[in-house]
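User: Could you take a close look at one part of this protein for me, the place where its helices pack together? I'd like one connected walk-through rather than a list.

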Amino acid sequence: MSKLVLLVVSLLCVLPVSAQDTPTFKKCQDAEGKWHYGDHAALECEQSSRITEMDEVGNTIGQTEAPPTQEELDAKQRAEEQVSEQEIVEANQRRLDQKLLNTYDSAENIRRTRDALLAFIDSSIEGNGDLKQRLVDVLDEIEAGGQPLTPEQPELLRQQIADYDIAIQDSVTKRQLVLKKYDADYERYLELTTKKP
């Protein structure tokens, strides 16, 4: 029995120790340049760029990057959000470009469409201006001593004149938007269809 125990003890002494059984400790250098050793070295070196893991005799057995700081994590998230937003913008632009190319077969057709819309808006502005002027003339007559058809007529005329002013201003604003949109479409169409060297 004692020979068996002696044999087992001898074998245990001769067998190599696995890497898992080898005690390890860590070392790292903090932001101020001081070195820290031991199992908790990483806590002292949160700003360190690298933590070195060593065995008991000082041999390096591995290196790990220090965990990122909250500032680094925030910067990474902002960068990812910007990339994501940029991808959405580019996808929307591709969709709009394809729609533009599918809608018009030439840049000149964009100009013709714009001019037709502007003519319609101009006609609306002119028509509303004529109707407004007629109401202004009637109101001027009443205020100069003419007899209104009803007591409420002058106030109704003023309200109608104000409504025509609003309609005319809306049409003027719409005209500016049409010009801006179709001129931008024209320029973009040329960019998409002109061959680049």
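Analyst: Let's settle one term before going in: a polar contact here is a pair of N or O atoms within 3.5 Å, where one must be able to donate a hydrogen and the other to accept it, and residues adjacent in sequence count only if both atoms are side-chain atoms. Keep in mind, too, that this is a predicted model.

With that in hand, start at R114, which sits in helix α4, residues 107–143. Its side chain makes a polar contact with the side chain of D115, at 2.8 Å. D115 is adjacent in sequence, so the pair counts only because both atoms belong to side chains. R114 has a relative accessibility of 13%, and since the cut-off for buried is under 20%, R114 counts as buried. Who else does R114 touch? Setting aside neighbours within four places in sequence, R114 is in contact with V178, L179, Y182 and D183.

Two of those partners, V178 and Y182, turn up again in the largest nonpolar core. That core has 12 residues in all: L100, Y104, A107, I110, L118, I121, I125, I168, V178, Y182, Y186 and Y189. The elements that give two or more residues to this core are α4 and α5, the latter spanning 153–193. There is also a second, separate core of five residues, and L135, I142, L157 and I161 are among them. As background, nonpolar side chains tend to be buried together in soluble globular proteins.

Now for how the two helices are arranged. α4 and α5 pack at an angle of about 165°, with their axes 9 Å apart. Angles over 145 degrees count as roughly antiparallel, so that is the label for α4 and α5. As for handedness, the crossing of α4 and α5 is left-handed.

A few more residues help you trace this pairing. A107, a member of the largest core, is in contact with Y186, Y189 and L190 once neighbours within four places in sequence are left out. N109 also has its place in helix α4, and N109 counts as buried because its relative accessibility is 19%, with the cut-off at under 20%. The C-alpha atoms of N109 and Y186 are separated by 9.1 Å, although the two residues are 77 residues apart along the chain.

L156 gives you a contrast in burial. L156 lies in helix α5, but with a relative accessible area of 52% L156 is exposed, the cut-off being over 50%. From L156 to L135, 21 residues apart along the chain, the C-alpha separation is 9.9 Å. L135 itself belongs to the second core.

Next, bring in α3. How do α3 and α5 pack? Their angle is about 90°, with the axes 10 Å apart, and that makes α3 roughly perpendicular to α5. On the α3 side, Q93, D97, L100 and L101 make the contact, while α5 brings D185, R188, Y189, L192 and T193. L100 and Y189 also appear in the largest nonpolar core.

D97 is worth a stop here. D97 is found in helix α3, residues 70–103, and D97 is buried, with a relative accessible area of 10%. Not counting residues up to four places away in sequence, D97 touches R188 and L192. L96, also found in helix α3, is partly exposed at a relative accessible area of 41%. The C-alpha atoms of L96 and D185 are separated by 9.9 Å, with their positions 89 residues apart along the chain.

Finally, zoom out to see where this part belongs. The protein's secondary structure comes to five helices and four strands, and along the sequence the pattern reads α-β-β-α-β-β-α-α-α. Of its 197 residues, buried ones make up 19%. Taking contacts with a separation of 6 or more, 50% are accounted for by residues 24 or more positions apart.

Terms used: Residues are numbered from 1 along each chain as its sequence is written. This is a predicted model: local features need pLDDT of at least 70, side-chain atom pairs count only at pLDDT 80 or more; totals for chains, interfaces and linings use all residues. Side-chain values use heavy atoms; hydrogens and water are left out. Buried means under 20% relative accessible area, exposed over 50%, partly exposed in between (1.4 Å probe, protein chains only). Contact means heavy atoms within 4.5 Å. A nonpolar core is a set of buried Ala, Val, Leu, Ile, Met, Phe, Trp, Tyr and Cys residues joined through side-chain atoms within 4.5 Å. Axes are lines fitted to C-alpha atoms, for helices over the stretch in contact, and angles run from 0 to 180 degrees between N-to-C directions. Angles under 35 degrees count as roughly parallel, over 145 as roughly antiparallel, 65 to 115 as roughly perpendicular and the rest as oblique. A crossing is left-handed if the near helix is turned anticlockwise from the far one by less than a right angle, and right-handed if clockwise.
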